[in-house]
Amino acid sequence: MNPQALLIGLLAGLASALLFAGLVTQSSSAVGLAFVAPMPIMIASLGWGSVAGFVAALAAFGAVAGALGSFYAGLTILLSVGLPAAILGHLCGLARPSDSEPAENGKPLALLWYPLERVLLAAALLSAFGCIVMGWLIGYNPAELAPEIAKALSSEASSAVSPEQMADLGRFVVTVIPYIQPAFLVLTLVICLYLSAAITRLSGRLPRPKDDIPAQAGLPRIALPLFAGALALCFVGGAAGLLGAVFTGALGCALTMVGLAAMHRKSRGRAARGLMLFTAYAAILLLSIPLLAFLALGLFETAKSPADAAGTDNPR
């Protein structure tokens, strides 16, 4: 084990814990820093190897648990930030020799890197599993949480809003949380991974070549039955419905990203590309409804993608 990698991992874990502390302590001035908490762990993994990444995840867990005196607070950062960041960094570093381009005449050996489509699927599944375990640890119960949310909202609302309306709003909030939380976690992990790779590449420590994200982003076809099954579970209700909602939110976010990547790819070379992209993202920020169109496009792109060739293109 490389002592430098261990030291980098420990420092990265402490940095991640400090960034995450705002969310745990509910400090309004530092909550925004929690969104980039995965980045130190990802940078350590991408630049110094998988061992550094997993050491960073464990160090972040120990720092938060020790500083706050709460094992569950440590588990929160480990499940939502530490392990997903370390695993994604590990996957991005996987490669195997290319059978079609053997090394010759002193040229470096050509490598096949772990495909982006499987990295995105891993981000969605890790986010879903992390949210499920955290929900189980805190005892997430919509029936009990809805009145508490309605009570909290009523204290901030004007007197013109009736208690019945607040109760309906509380039930709506607890209904959408299982969809939104994993989707937001997927988005956070993907953005942090992109920024971490860019920073590590600038430092010269990233061995993986730069990916053409619009051309390579996608999902394996297995994502389609997984999404369909999760969507069907949403109508069952109870604990099964909550599980379905979590996986629907995570996979739905990943599929929407595939649709957005397809828009970037298909608009290349067009004169009005800048205006098209600006209009699309402005509509998403203002209305949110266009996300459904990109979700549908992501489903279409995933359905027409070539089937996996029995692992022949997978790095080991």
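How close do the axes of helix α4 and helix α7 come, and at what angle do they cross? I looked this up in a predicted model, in which local features need pLDDT of at least 70 and side-chain atom pairs count only at pLDDT 80 or more, while totals for chains, interfaces and linings use all residues. I kept to numbering from 1 along each chain as its sequence is written, and to side-chain values that use heavy atoms, with hydrogens and water left out.

I found that the axes of α4 (residues 71-92) and α7 (residues 163-202) come within 11 Å and cross at roughly 50°, the axes being lines fitted to C-alpha atoms over the stretch in contact, with angles from 0 to 180 degrees between N-to-C directions. The two helices (DSSP runs of H or I, at least four residues) are therefore oblique to each other, that is, neither under 35, nor over 145, nor 65 to 115 degrees. I noted S80, P84, L88 and C92 on the α4 side and L185, L189 and L193 on the α7 side as making the contact (heavy atoms within 4.5 Å).

I then turned to the largest nonpolar core (buried Ala, Val, Leu, Ile, Met, Phe, Trp, Tyr and Cys residues joined through side-chain atoms within 4.5 Å, buried meaning under 20% relative accessible area with a 1.4 Å probe, protein chains only). Of its 59 residues, M42, L88, V119, L193 and L219 touch the most other members, and α4 gives the most to this core, with ten residues. For V119 I listed L88, L91, C92, Y114 and L193 as touched, not counting residues up to four places away in sequence.

Conventions:
Buried < 20%, exposed > 50% of the residue type's maximum accessible area, 1.4 Å probe, protein only.
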